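This report describes the overall fold, the surface and the nonpolar interior of a single chain.

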Amino acid sequence: MEQVLTREQRLSRLRARSSLPVLIVGGGINGISTFRELALQGIPAVLVEKGDWCQAASGALSRMIHGGLRYLETGEFGLVKESVMERDRLLKNAAHYVFPLRTTVPIDNLGGGLVNATRRFLRLSDKPTRRGALLIKTGLSLYDLYTRQYGAMPRHQLRNEAATRDRWPGFAPWVKYSASYYDAWISAPERLGFELIEDAERACPEALALNYLRVVSASDETVLLEDTLSGERFSLQPHVLVNAGGAWIDQLNQQLAVHSPPTRLIGGTKGSHLILDHPQLLQMLDGEMVYFENQEGRVCIMFPWFGKVLVGSTDIRVDDPDSVVCEAEEQAYILESLRFVFPDIVVPASAVVYTFCGVRPLPASEAKVNGQISRNHSLVLLPPDHARAWSTLCLVGGKWTTFRRFGEEAADRVLRLLGEKRRVSSSDLPIGGGRDFPAPSAQPAWLSALAQHYDLPLARVTQLAKRYGSRALPLLQQIQQHGEQPLQHHAGYSATELRYLIEHEQVCQLEDVLVRRTSLAICGELTPPLMQEISQLLADSLGWQDSQRAEHLQHTAISLAQRHGLHALASAFSQEEVQDVTHP
C-alpha cells in the first residue's frame with residue numbers, strides 16, 4: 001500500500017524548503033486545480049489553505065455541474081461552450097461522483113421575455129423578467145448545439161400544457177408549458193477536491209499541500225505562514241505566488257502588498273441552500289431537477305439529494321465573507337420560491353435538516369442586478385515591486401464546472417513566468433476514484449468480482465464503491481485484513497472505514513470528517529451519540545487528550561449550529577454535558 005505522509009512529515013518537508021518556484025494560497029477548487037496542473041508538469045509547488053480543503057465556497061455549491069444555460073442570454077457564448085465541454089469531461093473523468101441530471105423548466109407563457117432578453121443581451125437592461133417558451137426553446141437549441149458538438153447528452157424536449165400536467169400534476173396553475181434537458185450533478189465535491197490534491201502529489205512527489213496553514217504577513221522576499229493548529233511559523237521565498245483566495249482575494253492582496261494595496265478585484269455574492277427531508281416532494285421530483293424562476297425572476301433549483309431534496313438559492317451582495325450564514329429570511333425566501341412552483345407542498349420548519357451557504361468569488365462589478373455579473377473567470381497579474389520580490393497571479397471568478405480549464409490557464413501563465421513549458425494535458429485524465437471506474441453497464445460484474453475477491457458482502461462493496469469509486473480498493477484491502485464492525489450509532493459506516501479516512505486524507509478536525517470527508521452532516525444523519533463516537537475515533541488516531549476531545553466536540557457542535565442550522569447538536573453539547581461524556 002502506498003505510503004501516506006502524516007501532518008508532521010508534511011510540516012517537516014515544509015521546514016526544509018525556504019525558496020520555492022510557486023506558492024499557491026487558497027485550497028478551494030481553483031487553487032487545487034492550479035496545484036494539480038503544475039504538479040503534472042513536474043513543478044514542486046506548495047499549496048496552503050487556512051482551513052480545510054474546499055471548506056468555503058467550493059464546498060457550498062449547488063451540487064450542479066452545468067453548462068450555464070442562462071449565460072446565453074447575456075451573450076457569454078464562450079463561457080457556455082467551455083462549461084459544456086468541461087461538464088462532459090467531468091462526466092467521463094469523474095464518473096464516480098458526477099452524473100447526468102434530467103432537468104425541467106416550468107414556463108408560464110409562449111412568447112414572453114423576448115424584448116427584455118434582447119435588451120439584456122445588448123447590455124441595455126439589467127431588469128430580470130420571466131422567459132416564455134419560445135425564448136427558452138431558442139436557448140435550449142443553442143445549448144443542444146454545444147452539447148451535440150462536445151458531448152452526447154440527449155436533446156431537449158418542449159411539452160404542451162397537457163403533457164406538462166401529466167408529468168407534473170403538482171405544478172402551480174400558472175405553468176402552461178415545460179421544457180426538459182440534461183445537465184449534471186456532483187455527489188461529493190469536497191471529496192473530489194481532495195482527490196485532485198492526492199493525484200497532484202502522486203504526479204510530483206516534491207509537490208506539497210497543507211491545510212490549516214495561513215498567511216500571516218509578507219515583506220521583501222519572504223512570506224510568513226502559520227500553522228493554525230500549533231502556532232508554528234514558516235518563512236518561504238516564492239518566485240510566483242498564486243492568490244486563489246476566492247472571496248478573500250482582496251484581503252490577501254492587502255496582506256501581501258502593505259504599501260500599495262491593488263484595485264478591488266472581488267464583488268462576491270452569497271448563495272444559500274437548504275436540504276429538506278420531505279418524502280412527498282422527493283416523490284414528485286422522481287429523480288429530476290426543477291430549474292425555475294421565482295416571482296421576481298430569480299433562478300432557483302430543487303433536485304433529489306440522497307433521499308432528501310436540495311433547494312436553493314439566494315444571490316446577495318456581501319462585504320465580509322467570514323460572517324456569512326444562511327439567515328432565517330433567506331430560508332423563508334427559498335421556501336416561498338418553492339411554494340410558487342408547488343403551491344400544495346407544505347414544508348414545516350422541521351423538514352429543513354441542513355443549511356449551507358458560500359460567497360461566490362465574482363469579479364467586482366457595478367451591475368444593478370447580481371444575476372447579470374459574469375460567472376466567467378480571469379487572471380490578474382501583479383508584477384514584483386518595492387514591497388514584494390515575487391509576481392502575484394490572482395484567480396478571479398470562476399465556476400465549479402470549469403475548474404479544470406481555469407487551473408490550466410493559471411498554470412500556463414505560471415509556467416511562462418518560470419520559463420517552463422507544459423508537458424501533460426489533464427483534458428482526458430481521470431480523477432481519483434474515477435480512474436479505472438467502469439461504465440454503468442459493467443459495474444455489476446465489477447462489484448461482484450470485488451466482493452468475491454475480498455470476501456465481503458456485495459451490498460457493502462457496492463456502498464464503498466459508490467462513496468469512493470476505484471479508491472475503495474485499498475480500503476477493501478484494509479477491511480479484508482483487519483475486519484470491521486459497524487459504528488454503534490450508524491450502521492452505514494465502520495470504525496475501520498473512518499480510521500482510513502482520518503489517516504489517509506489530512507483530517508485535522510472533527511468537522512473535516514462530518515462535513516467534508518463524509519456526507520453525514522449534509523444528509524441530516526448526525527446525532528450527538530454519533531458525534532461522540534466519531535470524536536473518540538479521531539482522538540485515538542490523532543492522540544488527543546480527553547479535554548481536547550471535549551473541546552472539539554463543543555466547538556464543532558457550535559459551528560454546525562451557526563453554519564448549518566443544526567441547533568439541536570449545539571444544545572446537546574453544553575460544556576457540562578461534554579464534561580460528563582468525557583469523564584464518566
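The text below covers overall dimensions, then surface and charge, then the cores.

The model is predicted. The chain contains 20 helices and 20 strands. Its radius of gyration is 24 Å, close to the 25 Å expected from the globule rule for 584 residues, so the chain is as compact as a globular protein of that length. The C-alpha trace spans about 65 × 60 × 50 Å along its principal axes. Among contacts between residues at least 6 apart in sequence, 70% join residues at least 24 apart.

Of the 584 residues, 58% count as buried. The accessible surface amounts to about 23,600 Å², and carbon and sulfur atoms account for 52% of that area. The chain carries 59 positive and 65 negative charges, whose mean positions lie 7 Å apart.

In soluble globular proteins, nonpolar side chains tend to be buried together. Two separate nonpolar cores are listed here.

| Core | Size | Residues named |
|---|---|---|
| Largest nonpolar core | 119 residues | Leu-526 and Met-531, those with the most contacts inside it |
| Second, separate core | 26 residues | including Leu-276, Val-309, Val-311 and Ile-334 |

Which residues are in contact with Leu-526, leaving aside its neighbours within four places in sequence? They are Leu-514, Leu-520, Ala-521, Met-531, Leu-560, Leu-566 and Leu-569. Met-531 thus appears both as a contact of Leu-526 and, with Leu-526, among the residues with the most contacts inside the largest core.

How values were computed
Residues are numbered from 1 along each chain as its sequence is written. This is a predicted model: local features need pLDDT of at least 70, side-chain atom pairs count only at pLDDT 80 or more; totals for chains, interfaces and linings use all residues. Side-chain values use heavy atoms; hydrogens and water are left out. Helices (H or I, at least four residues) and strands (E, at least two) are DSSP runs, numbered from the N terminus. The radius of gyration is taken over C-alpha atoms; the globule rule is 2.2 Å times the number of residues to the power 0.38. Buried means under 20% relative accessible area, exposed over 50%, partly exposed in between (1.4 Å probe, protein chains only). Contact means heavy atoms within 4.5 Å. Accessible areas come from the Shrake-Rupley method with a 1.4 Å probe; for residues, only the protein chains shown count as cover. Lys and Arg count as positive and Asp and Glu as negative; His and the chain ends are not counted. The place of a charge is taken as NZ of Lys, CZ of Arg, CG of Asp or CD of Glu. A nonpolar core is a set of buried Ala, Val, Leu, Ile, Met, Phe, Trp, Tyr and Cys residues joined through side-chain atoms within 4.5 Å.
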